[in-house]
Amino acid sequence: MLTIAYVRNKVDYLLGNYVTEQAQLCNKLLSTYKQTTSYLEIGVDQGRTFKKIESEIKHGVDPYGTFDATYRITSEMFFALNRMFMHHTYDVIFIDASHFSLIVDREIEEGFKILNKGGYIVLHDTNPLTREAQEVVLENQVGYLRSLAYPHNQSHTDSLCGKTYNGDVWKSVANIRMNNPNIVVFTVENFCCTVLKKGKQKNLIKRISPEKLDWDFFVKNRKKILNVIPFSDIDNYR
């Protein structure tokens with residue numbers, strides 16, 4: 001059933017007026033700083049989140065998408081060039097690009113190297129609701145990237161043909177929850193976003209072999225992996 005609020009939000013989204021949940025979360029985290037803030041977004045796409053970020057310094061990285069990102073290169077190239085030449089650091093880094101855990105793992109690792117003290121990394125699409133939404137299939141990945149590149153500047157959303165696709169980013173979260181006691185992890189309820197920051201995890205989850213890290217394991221251990229909290233409780237985790 002369509003509600004007035006739903007229709008209003010949909011119209012605002014299409015007009016570019018709607019503040020996405022991702023932007024609300026990142027702005028909330030940025031608001032903890034009293035000094036000039038810096039923000040990095042990996043995977044800008046149409047810029048719907050990027051344009052709503054309230055930060056004095058904003059950089060976007062995306063080789064594709066319809067929005068003219070600050071750096072029209074891959075995240076791997078950005079991190080390499082940043083290490084050699086630019087030396088940027090950030091208070092909040094939002095990762096919303098490939099949705100492929102093996103790439104996201106690397107982006108998290110590199111992100112922490114340029115994260116300011118007390119900073120946050122935010123991962124999108126960490127809470128898939130269906131098996132299909134998190135499957136990573138070679139043919140689908142190749143087709144997706146081809147549709148983004150030809151014609152150039154097509155939006156990520158259009159390339160997915162309206163399908164809901166989260167990828168297996170949840171595996172990146174699970175690996176941290178199993179193996180890294182020095183990274184705090186929490187996921188914001190209904191936002192499909194997980195926040196990482198340096199600190200002490202209270203309860204690591206039991207380690208399992210990579211081949212057992214499948215959809216059935218995720219469904220059974222979703223709450224333990226993600227550490228879900230309501231948006232109103234974020235202040236207790238900052």
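## A walk through the sheet and its helices

At 54% relative accessibility, histidine 87 counts as exposed, because exposed here means over 50%. That's a handy place to start in this predicted model. Histidine 87 sits in the loop that links helix 3 (75-86) with strand 3 (90-95). Its backbone is worth a look too: phi is positive, about 60 degrees, although histidine 87 is not a glycine.

Step back into helix 3 and you'll meet phenylalanine 85. Phenylalanine 85 has a relative accessible area of 56%, so it counts as exposed as well. It also belongs to a nonpolar surface patch of about 420 Å², together with Met77, Leu81 and Met84.

Now zoom out for a moment. The protein chain has 9 helices and 7 strands. It runs to 238 residues, and 46% of them count as buried. The accessible surface comes to about 13,000 Å², with 54% of that belonging to carbon and sulfur atoms. If you take contacts between residues at least 6 apart in sequence, 65% of them join residues at least 24 apart.

The strands are the next stop. They make an open sheet of 7 strands in the order 2-1-3-4-6-5-7, and the pairing is mixed. Strand 2 (57-61) and strand 7 (228-229) are the edge strands, each pairing on one side only. Helix 3 packs on this sheet and touches strand 1 (38-42), strand 2 and strand 3, with its direction at about 145 degrees to that of strand 1. Helix 4 (residues 101-113) packs on the sheet too, touching strand 1, strand 3, strand 4, strand 5 and strand 6. The direction of helix 4 makes about 160 degrees with that of strand 4.

How do the strands hold on to each other? In general, strands of a sheet pair through backbone hydrogen bonds, either parallel or antiparallel. This sheet shows both senses. Strand 5 and strand 7 pair in the parallel sense over 2 bridges, and valine 188 has isoleucine 229 in strand 7 as its bridge partner. Strand 5 and strand 6, on the other hand, run antiparallel and are joined by 6 bridges. Here phenylalanine 186 finds its bridge partner in valine 195 of strand 6.

The hairpin of strand 5 and strand 6 has 4 residues between the strands, and asparagine 190 there takes a positive phi near 70 degrees. Cysteine 192 lies in the loop between strand 5 (183-188) and strand 6 (193-198). Like histidine 87, which has a positive phi without being a glycine, cysteine 192 has a positive phi, about 55 degrees, although it is not a glycine.

On to strand 6 itself: is it enclosed or open? Strand 6 is largely enclosed by the rest of the structure, because 5 of its 6 residues are buried. Strand 4 (residues 115-124) runs antiparallel to strand 6 and is joined to it by 4 bridges. Histidine 124 stands opposite cysteine 193 in strand 6.

That pair leads to our last stop, glutamine 22 in helix 2 (residues 21-30). Leaving aside neighbours within four places in sequence, glutamine 22 is in contact with His124 and Cys193, and also with Thr49 and Phe94. Is glutamine 22 buried or exposed? With a relative accessible area of 11%, glutamine 22 is buried, because the cut-off for buried is under 20%.

Key. Residues are numbered from 1 along each chain as its sequence is written. This is a predicted model: local features need pLDDT of at least 70, side-chain atom pairs count only at pLDDT 80 or more; totals for chains, interfaces and linings use all residues. Side-chain values use heavy atoms; hydrogens and water are left out. Buried means under 20% relative accessible area, exposed over 50%, partly exposed in between (1.4 Å probe, protein chains only). Patches are made of residues with over 30% relative accessible area and no salt bridge: like charges are joined within 9 Å, nonpolar side chains (Val, Leu, Ile, Met, Phe, Trp, Tyr) within 5 Å. Accessible areas come from the Shrake-Rupley method with a 1.4 Å probe; for residues, only the protein chains shown count as cover. A salt bridge is a side-chain nitrogen of Lys or Arg within 4 Å of a carboxyl oxygen of Asp or Glu. Contact means heavy atoms within 4.5 Å. Two strands pair if DSSP finds at least two bridges between them. Axes are lines fitted to C-alpha atoms, for helices over the stretch in contact, and angles run from 0 to 180 degrees between N-to-C directions.
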